[in-house]
Amino acid sequence: MATSVLLVGSGLIGRSWAMLFASGGFRVKLFDIEQQQITNALENIRKEVKALEQSGSLKGSLSAEQQLSLITGCSNIQEAVEGAMHIQECVPEDLALKKKVFAQLDGIISDDVVLSSSTSCLLPSQLFAGLVHVKQCIVAHPVNPPYYVPLVELVPHPETAPATVDRTHALMQKIGQSPVRVLREVDGFVLNRLQYAVISEAWRLVQEGIVSPNDLDLVMSHGLGLRYAFIGPLETMHLNAEGMLSYCNRYGESMKHVLKTFGPIPEFSGATVEKIHQAMCVKVPDDPEHLAARRQWRDQCLMSIAKLKSQMPSQ
Ligand code: NAI
(Lines give C-alpha, C1' and ligand atoms only; values in the text may rest on other atoms or scores of the structure.)
Protein backbone atom coordinates (compact mmCIF):
# COMPACT_ATOMS: atom_id res chain seq x y z
CA MET A 1 0.00 0.00 0.00
CA ALA A 2 1.29 3.48 -0.88
CA THR A 3 2.56 5.69 1.96
CA SER A 4 -0.09 8.05 3.19
CA VAL A 5 -0.19 11.83 3.61
CA LEU A 6 -2.90 13.81 5.41
CA LEU A 7 -3.95 17.31 4.40
CA VAL A 8 -5.81 19.26 7.08
CA GLY A 9 -7.87 21.89 5.23
CA SER A 10 -9.22 21.34 1.71
CA GLY A 11 -9.10 24.89 0.32
CA LEU A 12 -6.88 26.26 -2.44
CA ILE A 13 -3.57 25.08 -0.95
CA GLY A 14 -4.84 21.76 0.43
CA ARG A 15 -6.07 20.85 -3.07
CA SER A 16 -2.75 21.76 -4.67
CA TRP A 17 -0.82 19.66 -2.15
CA ALA A 18 -3.23 16.77 -2.79
CA MET A 19 -2.47 16.86 -6.52
CA LEU A 20 1.28 17.08 -5.92
CA PHE A 21 1.40 14.20 -3.43
CA ALA A 22 -0.79 12.01 -5.66
CA SER A 23 1.50 12.77 -8.61
CA GLY A 24 4.34 11.35 -6.51
CA GLY A 25 2.36 8.14 -5.90
CA PHE A 26 1.35 8.93 -2.30
CA ARG A 27 -2.02 7.98 -0.88
CA VAL A 28 -3.70 11.27 0.14
CA LYS A 29 -6.45 11.91 2.69
CA LEU A 30 -8.17 15.30 2.57
CA PHE A 31 -9.68 16.40 5.87
CA ASP A 32 -11.80 19.51 6.52
CA ILE A 33 -14.30 20.68 9.13
CA GLU A 34 -16.68 21.54 6.26
CA GLN A 35 -17.88 18.38 4.47
CA GLN A 36 -18.85 20.55 1.48
CA GLN A 37 -15.24 21.74 1.15
CA ILE A 38 -14.06 18.13 0.85
CA THR A 39 -16.71 17.40 -1.80
CA ASN A 40 -15.80 20.54 -3.74
CA ALA A 41 -12.09 19.76 -3.43
CA LEU A 42 -12.50 16.23 -4.82
CA GLU A 43 -14.59 17.50 -7.76
CA ASN A 44 -12.21 20.34 -8.49
CA ILE A 45 -9.14 18.08 -8.30
CA ARG A 46 -10.77 15.57 -10.69
CA LYS A 47 -11.41 18.33 -13.25
CA GLU A 48 -7.91 19.80 -12.94
CA VAL A 49 -6.07 16.49 -13.07
CA LYS A 50 -8.03 15.41 -16.16
CA ALA A 51 -7.35 18.75 -17.88
CA LEU A 52 -3.64 18.51 -17.03
CA GLU A 53 -3.50 15.01 -18.53
CA GLN A 54 -5.20 16.23 -21.71
CA SER A 55 -2.78 19.11 -22.12
CA GLY A 56 0.21 16.82 -21.47
CA SER A 57 1.13 18.68 -18.28
CA LEU A 58 0.23 16.08 -15.66
CA LYS A 59 3.11 15.56 -13.24
CA GLY A 60 4.47 12.14 -12.28
CA SER A 61 4.38 8.79 -14.04
CA LEU A 62 0.85 7.70 -13.06
CA SER A 63 -2.23 8.32 -15.22
CA ALA A 64 -4.91 10.81 -14.15
CA GLU A 65 -7.21 7.97 -13.02
CA GLN A 66 -4.42 6.30 -11.05
CA GLN A 67 -3.61 9.59 -9.31
CA LEU A 68 -7.27 10.33 -8.60
CA SER A 69 -7.76 6.86 -7.08
CA LEU A 70 -5.10 7.77 -4.48
CA ILE A 71 -7.06 10.77 -3.15
CA THR A 72 -9.93 10.35 -0.67
CA GLY A 73 -11.85 12.64 1.65
CA CYS A 74 -12.20 12.06 5.40
CA SER A 75 -14.24 14.02 7.93
CA ASN A 76 -13.10 12.24 11.08
CA ILE A 77 -9.73 13.49 12.31
CA GLN A 78 -8.94 10.34 14.36
CA GLU A 79 -9.40 8.18 11.27
CA ALA A 80 -7.62 10.73 9.11
CA VAL A 81 -4.33 10.61 11.05
CA GLU A 82 -4.20 6.79 11.00
CA GLY A 83 -1.32 5.60 8.85
CA ALA A 84 -0.23 9.12 7.80
CA MET A 85 3.56 9.63 7.75
CA HIS A 86 3.26 13.34 6.90
CA ILE A 87 0.52 15.77 7.93
CA GLN A 88 0.32 19.06 6.03
CA GLU A 89 -1.85 21.70 7.71
CA CYS A 90 -3.62 24.05 5.25
CA VAL A 91 -6.23 25.90 7.36
CA PRO A 92 -6.71 29.70 7.07
CA GLU A 93 -3.88 32.03 8.11
CA ASP A 94 -5.03 32.65 11.69
CA LEU A 95 -2.61 31.97 14.55
CA ALA A 96 -5.27 31.04 17.13
CA LEU A 97 -6.98 28.63 14.70
CA LYS A 98 -3.72 27.00 13.63
CA LYS A 99 -2.60 26.61 17.27
CA LYS A 100 -5.92 24.91 18.06
CA VAL A 101 -5.48 22.53 15.13
CA PHE A 102 -1.88 21.68 16.13
CA ALA A 103 -2.87 21.16 19.79
CA GLN A 104 -5.54 18.70 18.66
CA LEU A 105 -3.17 16.86 16.32
CA ASP A 106 -0.44 16.84 18.99
CA GLY A 107 -2.74 14.78 21.21
CA ILE A 108 -3.43 12.06 18.65
CA ILE A 109 -0.32 11.63 16.48
CA SER A 110 2.42 9.04 16.91
CA ASP A 111 6.13 9.79 17.42
CA ASP A 112 7.13 9.16 13.82
CA VAL A 113 4.86 11.46 11.80
CA VAL A 114 5.98 14.89 10.53
CA LEU A 115 3.60 17.73 11.38
CA SER A 116 3.99 20.50 8.81
CA SER A 117 2.32 23.89 8.34
CA SER A 118 1.69 25.67 5.02
CA THR A 119 1.68 29.08 6.72
CA SER A 120 2.83 32.03 4.61
CA CYS A 121 4.07 34.17 7.47
CA LEU A 122 3.42 32.80 10.96
CA LEU A 123 6.64 31.84 12.73
CA PRO A 124 7.29 28.24 13.84
CA SER A 125 8.04 29.48 17.38
CA GLN A 126 4.50 30.94 17.55
CA LEU A 127 2.81 27.95 15.91
CA PHE A 128 4.49 25.05 17.69
CA ALA A 129 5.31 26.48 21.15
CA GLY A 130 4.60 23.97 23.91
CA LEU A 131 3.67 21.01 21.69
CA VAL A 132 4.74 17.58 22.96
CA HIS A 133 5.78 16.62 19.42
CA VAL A 134 7.62 19.89 18.66
CA LYS A 135 10.67 17.94 17.35
CA GLN A 136 8.45 16.64 14.55
CA CYS A 137 7.09 20.08 13.59
CA ILE A 138 8.15 22.25 10.67
CA VAL A 139 6.81 24.91 8.31
CA ALA A 140 6.73 23.90 4.63
CA HIS A 141 5.62 27.08 2.85
CA PRO A 142 4.53 26.59 -0.77
CA VAL A 143 4.22 29.31 -3.41
CA ASN A 144 0.96 29.92 -5.25
CA PRO A 145 0.19 28.12 -7.56
CA PRO A 146 2.26 25.24 -6.10
CA TYR A 147 1.63 22.94 -9.08
CA TYR A 148 3.61 25.28 -11.35
CA VAL A 149 5.91 27.06 -8.90
CA PRO A 150 7.89 24.31 -7.19
CA LEU A 151 9.63 26.27 -4.43
CA VAL A 152 8.91 25.19 -0.85
CA GLU A 153 10.52 27.03 2.07
CA LEU A 154 11.30 24.70 4.99
CA VAL A 155 11.46 26.61 8.26
CA PRO A 156 12.22 24.76 11.51
CA HIS A 157 11.24 25.63 15.07
CA PRO A 158 14.37 26.02 17.25
CA GLU A 159 13.54 22.56 18.70
CA THR A 160 12.74 20.82 15.40
CA ALA A 161 14.88 17.67 15.01
CA PRO A 162 17.33 17.77 12.07
CA ALA A 163 15.79 14.45 10.95
CA THR A 164 12.40 16.18 10.54
CA VAL A 165 13.96 18.76 8.21
CA ASP A 166 15.80 16.06 6.24
CA ARG A 167 12.69 13.90 5.89
CA THR A 168 10.56 16.82 4.71
CA HIS A 169 13.28 17.92 2.28
CA ALA A 170 13.43 14.40 0.80
CA LEU A 171 9.64 14.18 0.61
CA MET A 172 9.36 17.50 -1.24
CA GLN A 173 12.00 16.40 -3.73
CA LYS A 174 10.16 13.13 -4.23
CA ILE A 175 7.01 14.98 -5.35
CA GLY A 176 9.02 17.18 -7.73
CA GLN A 177 9.08 20.34 -5.58
CA SER A 178 12.21 22.40 -4.93
CA PRO A 179 12.72 22.67 -1.17
CA VAL A 180 15.07 25.22 0.39
CA ARG A 181 16.23 25.16 4.00
CA VAL A 182 15.66 28.41 5.89
CA LEU A 183 18.21 27.82 8.65
CA ARG A 184 16.61 30.07 11.27
CA GLU A 185 13.11 31.52 11.45
CA VAL A 186 12.71 35.16 10.40
CA ASP A 187 9.64 37.30 9.60
CA GLY A 188 8.62 36.79 5.95
CA PHE A 189 10.97 33.79 5.59
CA VAL A 190 13.14 34.34 2.47
CA LEU A 191 10.74 34.60 -0.46
CA ASN A 192 8.52 37.30 1.03
CA ARG A 193 11.50 39.30 2.30
CA LEU A 194 12.83 39.43 -1.26
CA GLN A 195 9.37 40.10 -2.64
CA TYR A 196 8.69 42.93 -0.20
CA ALA A 197 12.08 44.53 -0.92
CA VAL A 198 11.14 44.62 -4.63
CA ILE A 199 7.58 45.86 -3.97
CA SER A 200 8.89 48.56 -1.68
CA GLU A 201 11.29 50.04 -4.23
CA ALA A 202 8.72 49.64 -7.04
CA TRP A 203 6.26 51.63 -4.96
CA ARG A 204 8.75 54.42 -4.18
CA LEU A 205 9.75 54.75 -7.86
CA VAL A 206 6.12 55.19 -8.91
CA GLN A 207 5.37 57.48 -5.94
CA GLU A 208 8.27 59.74 -6.85
CA GLY A 209 7.08 59.95 -10.46
CA ILE A 210 10.19 58.28 -11.87
CA VAL A 211 8.36 55.62 -13.84
CA SER A 212 4.73 54.73 -14.65
CA PRO A 213 3.13 51.66 -12.96
CA ASN A 214 3.01 49.78 -16.27
CA ASP A 215 6.61 50.50 -17.19
CA LEU A 216 7.68 49.49 -13.69
CA ASP A 217 6.07 46.06 -14.20
CA LEU A 218 7.73 45.78 -17.61
CA VAL A 219 11.16 46.25 -16.04
CA MET A 220 10.51 43.02 -14.17
CA SER A 221 8.49 40.98 -16.70
CA HIS A 222 10.66 41.86 -19.73
CA GLY A 223 13.91 42.47 -17.87
CA LEU A 224 15.03 41.20 -14.51
CA GLY A 225 12.37 38.51 -14.26
CA LEU A 226 13.50 36.72 -17.41
CA ARG A 227 16.89 35.82 -16.05
CA TYR A 228 15.57 35.29 -12.52
CA ALA A 229 13.51 32.39 -13.88
CA PHE A 230 16.81 30.60 -14.45
CA ILE A 231 19.47 32.12 -12.19
CA GLY A 232 19.18 34.04 -8.93
CA PRO A 233 20.57 37.48 -8.04
CA LEU A 234 23.82 36.11 -6.60
CA GLU A 235 24.65 33.99 -9.64
CA THR A 236 23.68 36.98 -11.81
CA MET A 237 26.43 38.97 -10.07
CA HIS A 238 28.91 36.12 -10.58
CA LEU A 239 28.16 35.93 -14.31
CA ASN A 240 27.95 39.68 -14.96
CA ALA A 241 31.68 40.13 -14.27
CA GLU A 242 34.64 37.78 -14.09
CA GLY A 243 33.15 36.08 -11.03
CA MET A 244 31.75 37.39 -7.74
CA LEU A 245 34.98 38.99 -6.50
CA SER A 246 35.38 40.88 -9.74
CA TYR A 247 31.71 42.02 -9.63
CA CYS A 248 32.06 43.38 -6.08
CA ASN A 249 35.33 45.10 -7.00
CA ARG A 250 33.80 46.71 -10.03
CA TYR A 251 30.29 47.50 -8.83
CA GLY A 252 30.38 47.43 -5.00
CA GLU A 253 30.76 51.18 -4.59
CA SER A 254 28.07 52.10 -7.14
CA MET A 255 25.64 49.59 -5.58
CA LYS A 256 26.20 51.18 -2.17
CA HIS A 257 25.79 54.65 -3.67
CA VAL A 258 22.39 53.72 -5.17
CA LEU A 259 21.27 51.79 -2.09
CA LYS A 260 21.90 54.86 0.12
CA THR A 261 19.31 56.76 -1.95
CA PHE A 262 16.49 54.29 -1.15
CA GLY A 263 13.58 55.90 0.73
CA PRO A 264 11.58 54.85 3.78
CA ILE A 265 8.99 52.05 3.97
CA PRO A 266 5.95 53.15 1.88
CA GLU A 267 2.54 53.63 3.52
CA PHE A 268 0.74 51.72 0.71
CA SER A 269 -2.15 54.21 0.92
CA GLY A 270 -3.25 57.63 -0.32
CA ALA A 271 -2.63 59.07 -3.80
CA THR A 272 -0.05 56.44 -4.84
CA VAL A 273 -2.36 53.49 -4.21
CA GLU A 274 -5.06 55.28 -6.25
CA LYS A 275 -2.65 55.87 -9.11
CA ILE A 276 -1.38 52.28 -9.17
CA HIS A 277 -4.88 50.87 -8.77
CA GLN A 278 -6.15 52.85 -11.75
CA ALA A 279 -3.26 51.75 -13.93
CA MET A 280 -3.73 48.08 -12.98
CA CYS A 281 -7.49 48.27 -13.65
CA VAL A 282 -6.93 49.58 -17.19
CA LYS A 283 -4.98 46.40 -17.88
CA VAL A 284 -7.05 44.01 -15.74
CA PRO A 285 -10.39 45.33 -14.39
CA ASP A 286 -10.76 44.18 -10.78
CA ASP A 287 -14.03 42.27 -11.15
CA PRO A 288 -13.95 38.51 -10.45
CA GLU A 289 -14.23 37.48 -14.14
CA HIS A 290 -11.34 39.57 -15.43
CA LEU A 291 -9.15 38.67 -12.46
CA ALA A 292 -9.89 34.95 -12.89
CA ALA A 293 -9.15 35.10 -16.64
CA ARG A 294 -5.84 36.86 -16.06
CA ARG A 295 -4.88 34.35 -13.33
CA GLN A 296 -5.64 31.54 -15.74
CA TRP A 297 -3.40 33.16 -18.36
CA ARG A 298 -0.67 33.58 -15.71
CA ASP A 299 -0.92 29.91 -14.76
CA GLN A 300 -0.65 28.88 -18.41
CA CYS A 301 2.49 30.98 -18.75
CA LEU A 302 3.90 29.42 -15.59
CA MET A 303 3.07 25.95 -16.90
CA SER A 304 4.96 26.70 -20.14
CA ILE A 305 7.96 28.01 -18.29
CA ALA A 306 7.93 24.98 -15.97
CA LYS A 307 7.99 22.74 -19.07
CA LEU A 308 10.82 24.76 -20.59
CA LYS A 309 12.84 24.59 -17.38
CA SER A 310 12.43 20.81 -17.24
CA GLN A 311 13.67 20.52 -20.85
CA MET A 312 16.75 22.72 -20.36
CA PRO A 313 19.98 20.77 -19.95
CA SER A 314 21.17 21.09 -16.36
CA GLN A 315 24.80 22.10 -16.02
P1 NAI B 1 -8.57 28.49 2.10
O2 NAI B 1 -9.40 29.45 2.85
O3 NAI B 1 -8.73 28.34 0.63
O4 NAI B 1 -8.78 27.02 2.75
C5 NAI B 1 -8.78 26.78 4.12
C6 NAI B 1 -9.58 25.51 4.40
O7 NAI B 1 -9.40 25.16 5.77
C8 NAI B 1 -11.08 25.65 4.16
O9 NAI B 1 -11.53 24.59 3.35
C10 NAI B 1 -11.69 25.55 5.57
O11 NAI B 1 -12.98 24.94 5.60
C12 NAI B 1 -10.65 24.68 6.26
N13 NAI B 1 -10.65 24.76 7.72
C14 NAI B 1 -10.94 25.81 8.52
N15 NAI B 1 -10.80 25.46 9.82
C16 NAI B 1 -10.40 24.16 9.83
C17 NAI B 1 -10.10 23.24 10.86
N18 NAI B 1 -10.15 23.58 12.14
N19 NAI B 1 -9.74 21.97 10.50
C20 NAI B 1 -9.68 21.61 9.20
N21 NAI B 1 -9.96 22.45 8.19
C22 NAI B 1 -10.32 23.71 8.50
O23 NAI B 1 -7.04 28.85 2.48
P24 NAI B 1 -5.73 28.61 1.57
O25 NAI B 1 -5.55 29.73 0.62
O26 NAI B 1 -5.74 27.22 1.06
O27 NAI B 1 -4.58 28.79 2.68
C28 NAI B 1 -4.23 27.76 3.59
C29 NAI B 1 -2.86 28.08 4.20
O30 NAI B 1 -1.89 28.09 3.15
C31 NAI B 1 -2.77 29.43 4.89
O32 NAI B 1 -1.96 29.33 6.03
C33 NAI B 1 -2.10 30.31 3.86
O34 NAI B 1 -1.37 31.38 4.42
C35 NAI B 1 -1.13 29.29 3.23
N36 NAI B 1 -0.71 29.66 1.88
C37 NAI B 1 -1.61 30.19 1.00
C38 NAI B 1 -1.20 30.60 -0.26
C39 NAI B 1 -2.18 31.20 -1.22
O40 NAI B 1 -1.74 31.83 -2.17
N41 NAI B 1 -3.48 31.01 -1.01
C42 NAI B 1 0.21 30.43 -0.70
C43 NAI B 1 1.06 29.80 0.29
C44 NAI B 1 0.61 29.44 1.55
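A residue counts as buried when its relative accessible area is under 20%, and as exposed when that area is over 50%. Keep these cut-offs at hand. The model used here is predicted.

**Exercise 1. Classify four residues**

Task: Decide whether Phe21 is buried or exposed. Then do the same for Trp17, Arg27 and Thr261.

Solution.
- Step 1. Phe21 has 0% relative accessibility, so Phe21 is buried.
- Step 2. Trp17 has 1% relative accessibility, so Trp17 is buried too.
- Step 3. Arg27 sits in strand 2, residues 27–31. Its relative accessibility is 30%, so Arg27 counts as partly exposed.
- Step 4. Thr261 is in the loop between helix 11 (244–259) and helix 12 (270–283). Its relative accessible area is 57%, so Thr261 is exposed.
- Step 5. Now take the whole protein. Buried residues account for 39% of its 315 residues.

**Exercise 2. Name the ring geometry**

Task: How many aromatic pairs does a search of the whole structure find? Work out the geometry of Trp17 with Phe21, then of Phe102 with Phe128.

Solution.
- Step 1. The search of the whole structure gives six aromatic pairs.
- Step 2. For Trp17 and Phe21, the ring centres are 5.6 Å apart and the planes meet at 25 degrees, so this pair is stacked. The cut-off for stacked is under 30 degrees.
- Step 3. Trp17 and Phe21 both belong to helix 1 (residues 12–23). They are four residues apart, which means a separation of about one helical turn.
- Step 4. For Phe102 and Phe128, the centres are 5.1 Å apart and the planes stand at 80 degrees, so this pair is edge-to-face. The cut-off here is over 60 degrees.
- Step 5. Phe102 is in helix 5 (residues 95–108). Phe128 is in the loop between helix 6 (124–127) and strand 6 (137–142). The pair therefore ties together parts 26 residues apart in sequence.
- Step 6. Both Phe102 and Phe128 are buried.
- Step 7. Return to Trp17 and Phe21. Ring pairs join them with Phe26 in a cluster.

**Exercise 3. Find charges over rings**

Task: Which ring face does Lys59 lie over, and which does Lys309 lie over?

Solution.
- Step 1. Lys59 lies over the face of Tyr147, 5.1 Å from the ring centre.
- Step 2. Lys309 lies over the face of Phe230, 5.2 Å from the ring centre.

**Exercise 4. Describe a pocket**

Task: What is the volume of the second largest pocket, and which helix gives the largest share of its lining?

Solution.
- Step 1. The second largest pocket has a volume of about 630 Å³.
- Step 2. It is lined by 22 residues; closest to its centre are Leu12, Glu48, Pro145, Tyr148 and Asp299.
- Step 3. Helix 1, helix 2 (35–54) and helix 13 (288–311) each give at least two lining residues.
- Step 4. Helix 13 gives the largest share, seven residues.
- Step 5. Sort the lining of this pocket by type: 10 nonpolar, six polar and six charged.

**Exercise 5. Check the overall form**

Task: What radius of gyration would a compact globule of 315 residues have, and what does the protein have?

Solution.
- Step 1. The protein contains 13 helices and eight strands.
- Step 2. A compact globule with 315 residues would have a radius of gyration near 20 Å. The protein has 22 Å, which agrees.
- Step 3. Along the principal axes, the C-alpha atoms fill a box of roughly 60 × 45 × 45 Å.
- Step 4. Try two spans, C-alpha to C-alpha. Thr261 and Ser116 are 41 Å apart in space and 145 residues apart in sequence. Arg27 and Glu208 are 53 Å apart, with their positions 181 residues apart along the chain.

Notes
Residues numbered from 1 in each chain as written. Predicted model: local features only at pLDDT ≥ 70, side-chain atom pairs only at ≥ 80, totals over all residues. Heavy atoms only, no water. Phe/Tyr/Trp six-rings, centres within 6.5 Å; stacked < 30°, edge-to-face > 60°. Buried < 20%, exposed > 50% of the residue type's maximum accessible area, 1.4 Å probe, protein only. Lys NZ or Arg CZ within 6 Å of the ring centre and 35° of its normal. 1 Å grid on protein atoms, 1.4 Å probe; cavity = no way out; pocket = protein on both sides within 12 Å on 5 of 7 lines; lining within 4 Å. Points joined across faces, edges and corners; volume = space filled by probe spheres on them. Nonpolar A, V, L, I, M, F, W, Y, C, P; charged D, E, K, R; others polar. Rg over C-alpha atoms; globule rule 2.2 N^0.38 Å.
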